[in-house]
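Okay, thanks everyone, let's get going. I'll put the structure up and then talk you through a few parts of it.

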Amino acid sequence: MKHIVLTGGGTAGHVTPNIALIPKLQERGYQISYIGSYQGIEKSLIEELGIPYYGIASGKLRRYFDLKNFSDPFRVLKGFDQAMRLMKQLKPDVVFSKGGFVSVPVVIAAGRCKIPAIIHESDMTPGLANKLCFSSAAKICCNFPETADSLPKEKAVLTGTPIRKELLAGNKESARAFCGFESEKPVMLIIGGSLGAASVNENIRRILPGLLEHFQIIHLCGKGKLDQSLAGTAGYVQYEYIQKELPDMFALADIVISRAGANAICELKELAKPNLLIPLSAKASRGDQILNARSFERQGFSVVMEEEEITEEKLLQTILTLYEDRQKYIDAMHGSAHLNSIDQITALIESASGK
């Protein structure tokens, strides 16, 4: 039986594309194992699927000063040693990595053991974790046509991002009942990402009375970011994180407000949901979300507001205009080219494994 190791973690965006691939890999007869961090979000998401999970030490390589910079290199070295042991123990035919720093020792260990590795870069410009893996990778999948210019030419393949099939099969009436919403008023879904987005949460809550005049609101605000003072507010429900009911909530939503992580925005495009993207500020990141968002804006898929330009009045008006113009964005997304990502990536895996 063919054996594949999947890896990636740190945020849901580094796990959900792997989850999207699992049914197709199982259909093709692959035995699947997963290597992630000890307690990252990937652990619970993968173990729920009954996939064997192996935790390794993980450290982040930062380009800025942090006291953890002194200890994390040792975690990375420990993770590499553990990954080498797992490669020799599991003997996979191929490795597929969705990124995040936990994937770095796994991909490099695969290279050392002559096991082909395929990596996936979701963002417009490659992150440091994936850059460290370039030399060990057989192929590098990417999401945006522009990304290929930043990749080794002979390894780059435009595949798009695997989208979970169940995400496309939501039931809006199930979500309406779950949230206790009426049927006459439109619904806005706010997604801060699996780790939450404090500034998005704060900006939305500042204009909540104005928004509730026009919308019912589902707010996915991240772990530890619930506002108990808003509990019981008519037309407003908030959750730290939703997994099972998320497809239904997408089906119910008329518009979506989201960060601009690549996987999140690709899901919005696939679902053709009119959206306002508020990318993570360049002050708090390497600016990849801003590049992702502006690409979608140029293609007519999204409205973009950067954090620095947000005022209460401007945010409320932008949301209302997005709703009024929603059909324009739906038409643009429906009219765009659709890459069959799961089949493309599966074919690369089959070719790399020699099976």
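I'll go through a sheet, a couple of helices, some salt bridges and one loop residue. Keep in mind as you look that this is a predicted model.

So, the sheet. There are 6 strands in it, and reading across you get S10-S9-S8-S11-S12-S13. It's an open sheet, and the pairing is parallel. Which strands stand at the edges? Those are S10, residues 236–239, and S13, residues 302–304. Each of the two has a single partner strand, so one side of each has no neighbour in the sheet. As for twist, neighbouring strands here are turned against each other by 15° on average, if you ignore direction.

Let's zoom in on one pair. S8 covers residues 187–191 and S9 covers 216–220, and the two run parallel with 5 bridges between them. If you want a spot to look at, find Leu189, which sits opposite Ile218 in S9.

Now, what lies across these strands? Helix H7, residues 198–206, lies across S8, S9, S10 and also S11, which is 255–258. Relative to S9, helix H7 runs at about 160°.

Moving along the chain to H14, residues 341–353. This helix has 13 residues, and from the first C-alpha to the last it reaches 18 Å, close to the 18 Å expected at 1.5 Å a residue. Which residues of H14 are buried? The list is Ser341, Ile342, Ile345, Thr346, Leu348, Ile349, Glu350 and Ser353. So you've got a glutamate and a threonine in there alongside the isoleucines and Leu348. Just after the helix comes Gly354, with a positive phi of about 70°.

Okay, charges. How many salt bridges does the structure hold? There are 14, and I'll pick out three.

Start with Glu267 and Arg164, whose side chains meet at 3.1 Å, N to O. This pair links distant parts of the chain, 103 residues apart. Glu267 is in helix H10, residues 262–271, while Arg164 is in the loop between strand S7 (156–158) and helix H6 (172–179). Buried or exposed, these two? Glu267 is buried, and Arg164 is as well.

The next one is local. Arg176 and Glu173 form a salt bridge at 3.2 Å, N to O. Both are in helix H6, 3 residues apart, which is about one turn. Here the burial is split: Arg176 is at 13% relative accessibility, so Arg176 counts as buried, whereas Glu173 is at 45% and is partly exposed.

And then Glu297 with Arg294, where the closest N and O atoms are 2.8 Å apart. Those two are in helix H11, residues 288–298, and because they're 3 residues apart, about one helical turn separates them. Glu297 is partly exposed at 32%, and Arg294 is partly exposed too, at 24%. What else are they linked to? They belong to a network of salt bridges with Glu306, Glu309 and Lys314.

Last stop, Ser136. You'll find Ser136 in the loop between helix H5 (128–133) and strand S6 (139–142). Why does Ser136 count as buried? Its relative accessibility is 18%, and the cut-off for buried is under 20%. Leaving out residues up to four places away in sequence, Ser136 touches Val107, Ile108, Gly111 and Ala117.

That's what I had, happy to go back to any of these on the screen.

Technical notes
Residues numbered from 1 in each chain as written. Predicted model: local features only at pLDDT ≥ 70, side-chain atom pairs only at ≥ 80, totals over all residues. Heavy atoms only, no water. Pairing = 2+ DSSP bridges. Helix = DSSP H or I, 4+ residues; strand = E, 2+ residues; numbered from the N terminus. Axes fitted to C-alpha atoms, helices over the stretch in contact; angles between N-to-C directions. Contact = heavy atoms within 4.5 Å. Expected span 1.5 Å × (residues − 1). Buried < 20%, exposed > 50% of the residue type's maximum accessible area, 1.4 Å probe, protein only. Salt bridge = Lys/Arg side-chain N within 4 Å of Asp/Glu carboxyl O.
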